[in-house]
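Trainee: Can we go through the labels on this one? I want to see what stands behind each term.

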Amino acid sequence: MHGIASDATGVGLYSRYLATGHIRSETEDGIIQQINTLARQTGTTWLLAVGESDILLINRRRDELIGITPLIPEADEFAKVLDKQTTLAAARSVGIITPQSWALDNLNDFEKIKPQLRFPVVIKWRNPHRVVRRLGKSGKTLQKYRYAYDPDELIEYLGKFEIIGELPLIQEYCPGYGVGQMLFLHEGKTVLRFQHRRIAEWPPEGGASAVCESLPIEAHNEMMAKSEALLRLLGWSGPAMVEYRYDPETQKAMLMEVNGRFWGSLPLAHHAGAHFVWLTLAIAAFGQVPEMRPYTPAVRCRSIVPELKRLLRVTFHPEMIQDKMLRPSWPHEWLLFLVRYLVPRTYYYVFSFDDPRPFIMDSWLSVRRVVTRRFAGGARYFG
């Protein structure tokens, strides 16, 4: 395995399982040349990419790769899952409940939808990758989502983006916790299924999974069947995660998005016995569909740095949590953090006894970033 990281903070560079590590070129042309050179020097024939921007880049320049095959979704497939409106429309056609969404062409249309809105609402981009460059050129940064609690706050936020000629989506608020259903489809058939529940997220109001637990395969059977139907309708092949917000009070699940790539909580699937990466390699590289054994439920996995960020936000800056419905008790959260070390079948995203350097570097780099920001007057406490 040969790794290319954005910079020296990429913790994968410090793994003992990496044969060689490299810092990526700063230009798109340079990255393609770097991949080709590395493939020629090492004899590598397969290329994995996990970031959405990297998958888009490789698909744009796929024809320029020499002697190497990307193990990534095809461009047309990937475009469908990146476009939230396309995904939501497909989901509704197979019976999946989706959050009510409103797409405005301009702010003049706001008064038409205003009576339909129930606050809070969540604001997110239909396709973040399509607008990120335009946002940068206008001096704005991309936010994955933003909460708004009244019409004035909403209209003020939307108004910031008229300059780029596109407004983000407005979506109804969905209570509950995250449930991810991960599937691997090959030639229209599902060859691997896995699902988990998010126990803690960073940021606390919804984001990357900091603590998650594998659910029994028989849980949410109807939801899983609809997830499979959605991916088949999208013509999907390979691994994907269908992400829901599940409300245990109403027992309703709302579709959030489809991740057409390896997801952040992939270590949980690995530790539970659902080996999506191996399956990707076996099918694409060797032309084999290995038999997959049932995975283990009630396995937990933790990402310590994001979990600590969450704790510090809850403890010192709860006012920064966008979801005002979420007000966790910091003593209770700290108790849970400590107790989780005692829970059997608990694993870690980065840490392992046989390969400890990535975790050590991840911790050190996080502390260094905090200290740097504090002295520079920047964000506070991992904020």
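Mentor: We take salt bridges first, then burial, then the sheet and a surface patch. Keep in mind that this is a predicted model.

Trainee: What makes Asp54 and Arg24 a salt bridge?

Mentor: The N to O distance is 3.0 Å. The cut-off is within 4 Å, so the pair counts. Asp54 sits in helix H2 (residues 52–60), and Arg24 in the loop between strand E2 (20–23) and helix H1 (28–42). The two are 30 residues apart, and the pair links distant parts of the chain.

Trainee: Why is Asp54 called partly exposed?

Mentor: Its relative accessibility is 24%. Buried needs under 20% and exposed over 50%, so Asp54 falls in between. Arg24, with 22%, is partly exposed by the same cut-offs.

Trainee: How do you know that Lys144 and Glu257 form a salt bridge?

Mentor: Their N to O distance is 3.9 Å. The limit is 4 Å, so the pair is accepted. Lys144 lies in the loop between helix H6 (128–137) and strand E7 (145–148), while Glu257 is in strand E13, so the pair ties together parts that are 113 residues apart in sequence.

Trainee: Which of the labels, buried or exposed, goes to Lys144, and which to Glu257?

Mentor: Lys144 has 55% relative accessibility; exposed means over 50%, so Lys144 is exposed. Glu257 has 17%; buried means under 20%, so Glu257 is buried.

Trainee: How many salt bridges does the structure hold?

Mentor: It holds 23 salt bridges. Among them is Arg198 with Glu201, at 3.0 Å, N to O. Both of these residues are buried. Salt bridges with shared partners also join Glu28, Asp29, Arg60, Arg61 and Glu64 into one network.

Trainee: Now the sheet. What makes E13 and E15 edge strands?

Mentor: The open sheet has seven strands, in the order E13-E12-E9-E10-E11-E14-E15, with mixed pairing. E13 (252–259) and E15 (346–348) each have a single partner strand, so one side of each lacks a neighbour in the sheet.

Trainee: How do you know that E10 and E11 pair?

Mentor: Six bridges join E10 (residues 189–202) to E11 (residues 208–214), and the two run antiparallel. Pairing needs at least two bridges, so they qualify. Trp202, for one, has Ala208 in E11 as its bridge partner.

Trainee: Last one. Why can Val367 belong to a surface patch?

Mentor: A patch residue needs over 30% relative accessible area; Val367 has 44%, so it passes that cut-off. Val367 is in helix H13 (residues 357–375). Trp364, Val367, Val371 and Phe375 form the nonpolar patch, with about 460 Å² of accessible area together.

Terms used:
Residues are numbered from 1 along each chain as its sequence is written. This is a predicted model: local features need pLDDT of at least 70, side-chain atom pairs count only at pLDDT 80 or more; totals for chains, interfaces and linings use all residues. Side-chain values use heavy atoms; hydrogens and water are left out. Patches are made of residues with over 30% relative accessible area and no salt bridge: like charges are joined within 9 Å, nonpolar side chains (Val, Leu, Ile, Met, Phe, Trp, Tyr) within 5 Å. Accessible areas come from the Shrake-Rupley method with a 1.4 Å probe; for residues, only the protein chains shown count as cover. A salt bridge is a side-chain nitrogen of Lys or Arg within 4 Å of a carboxyl oxygen of Asp or Glu. Helices (H or I, at least four residues) and strands (E, at least two) are DSSP runs, numbered from the N terminus. Buried means under 20% relative accessible area, exposed over 50%, partly exposed in between (1.4 Å probe, protein chains only).
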